[in-house]
Amino acid sequence: MSEGANFNDHSDEFNRLLTELGVIGAKIEEEDKGILLLVSLPPSHEHLRTTLMYGKDTLGLDEVVAALLSHESMRRNESEKISEERVMVASFDGQARG
């Protein structure tokens with residue numbers, strides 16, 4: 001996954017690859033799928049990757065996807081909040097400040 005890429009698109013591609021591997025008879029354990037997804041993430045996800053990989057004895061794909069979706073949602077909300085704060089500062093006293 002490249003920096004700034006959409007996680008949903010990355011997840012779709014990851015699942016497509018897993019399906020193709022299944023079609024040719026490759027068997028990948030759930031924990032291995034979760035680890036593969038984690039290591040496919042960009043460097044900006046290093047902290048999350050480390051937390052998930054070393055925080056549990058076993059880690060399934062569903063847990064990883066849930067954590068990543070939650071993380072992406074949180075990042076998106078924070079980004080929107082910062083944008084709203086900039087707009088509020090730019091229009092202080094009802095005058096546009098540029």
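Hi everyone. The chain I want to show you today has four helices and zero strands. Please keep in mind that this is a predicted model. Reading from the N terminus, the elements run α-α-α-α. There are 98 residues in the chain, and 22% of them count as buried.

Let's begin with helix α1. This helix covers residues 7–23, which makes 17 residues. At 1.5 Å a residue the helix should span 24 Å, and its end C-alpha atoms are 24 Å apart, so the two values agree.

Now for the sides of that helix. Which residues of α1 are buried? They are Phe 7, His 10, Ser 11, Phe 14 and Leu 18. Around the axis they cover an arc of only 100°, which puts them on the same side of α1. If you like to think in turns, here is the background: an α-helix has 3.6 residues a turn, so residues three or four places apart point the same way. On the face turned away from that buried side, α1 carries the exposed residues Asp 9, Asp 12, Thr 19 and Val 23.

Let me pick one residue from each of those two groups. From the buried group, take His 10, which has its place in helix α1. Its relative accessible area is 16%, and buried means under 20%, so His 10 counts as buried. What does the side chain of His 10 contact? It makes a polar contact with the side chain of Ser 40, at 2.8 Å.

From the exposed group, take Val 23, also in helix α1. Val 23 has a relative accessible area of 68%, and since exposed means over 50%, Val 23 counts as exposed. Together with Leu 21 and Ile 24, Val 23 makes a nonpolar surface patch of about 320 Å². A small backbone detail follows here: just after α1, Gly 25 takes a positive phi of about 95°.

Next, the charged residues. How many salt bridges does a search of the whole structure find? The search finds four. The general idea will be familiar to you: side chains of opposite charge can pair when their charged atoms come close.

I'll go through three examples, and two of them involve Arg 16. In one, the side chains of Arg 16 and Glu 13 meet at 2.4 Å, N to O. Both residues lie in helix α1, three residues apart, which is about one turn of the helix. In the other, Arg 16 forms a salt bridge with Glu 20, and the closest N and O atoms are 2.3 Å apart. Arg 16 and Glu 20 are four residues apart in helix α1, so about one helical turn separates them.

How accessible are these residues? Arg 16 is partly exposed, at 37% relative accessibility. Glu 13 is partly exposed too, with a relative accessible area of 36%, and Glu 20 is partly exposed at 42%.

My third example is in helix α2, residues 30–39. Here the side chains of Lys 33 and Glu 30 meet in a salt bridge at 3.2 Å, N to O. These two residues are three residues apart in α2, again about one turn of the helix. Is Lys 33 buried or exposed? At 19% relative accessibility, Lys 33 counts as buried, whereas Glu 30 is partly exposed, with a relative accessible area of 39%. Going back to α1 for a moment, salt bridges that share partners join Glu 13, Arg 16 and Glu 20 into one network.

Let's stay with α2 and look at its buried side. Along with Lys 33, the residues Gly 34, Leu 37 and Leu 38 are buried in this helix. Seen down the axis of α2, the buried residues fall within an arc of 135°, so they line one face of the helix.

Finally, helix α3, which runs over residues 46–54. Which residues are buried there? Leu 48, Arg 49 and Leu 52 are. Down the axis of α3 these fall within an arc of 100°, so they too line one face of their helix. On the other side of α3, His 47 and Tyr 54 are exposed.

That's my tour. Thanks for listening, and I'm happy to go back to any of these residues on the screen.

Conventions. Residues are numbered from 1 along each chain as its sequence is written. This is a predicted model: local features need pLDDT of at least 70, side-chain atom pairs count only at pLDDT 80 or more; totals for chains, interfaces and linings use all residues. Side-chain values use heavy atoms; hydrogens and water are left out. The expected span of a helix is 1.5 Å times one less than its number of residues. Buried means under 20% relative accessible area, exposed over 50%, partly exposed in between (1.4 Å probe, protein chains only). The arc is that of the directions from the helix axis to the C-beta atoms. A polar contact is a pair of N or O atoms within 3.5 Å; within protein, one must be able to donate a hydrogen and the other to accept it, and residues adjacent in sequence count only if both atoms are side-chain atoms. Patches are made of residues with over 30% relative accessible area and no salt bridge: like charges are joined within 9 Å, nonpolar side chains (Val, Leu, Ile, Met, Phe, Trp, Tyr) within 5 Å. Accessible areas come from the Shrake-Rupley method with a 1.4 Å probe; for residues, only the protein chains shown count as cover.
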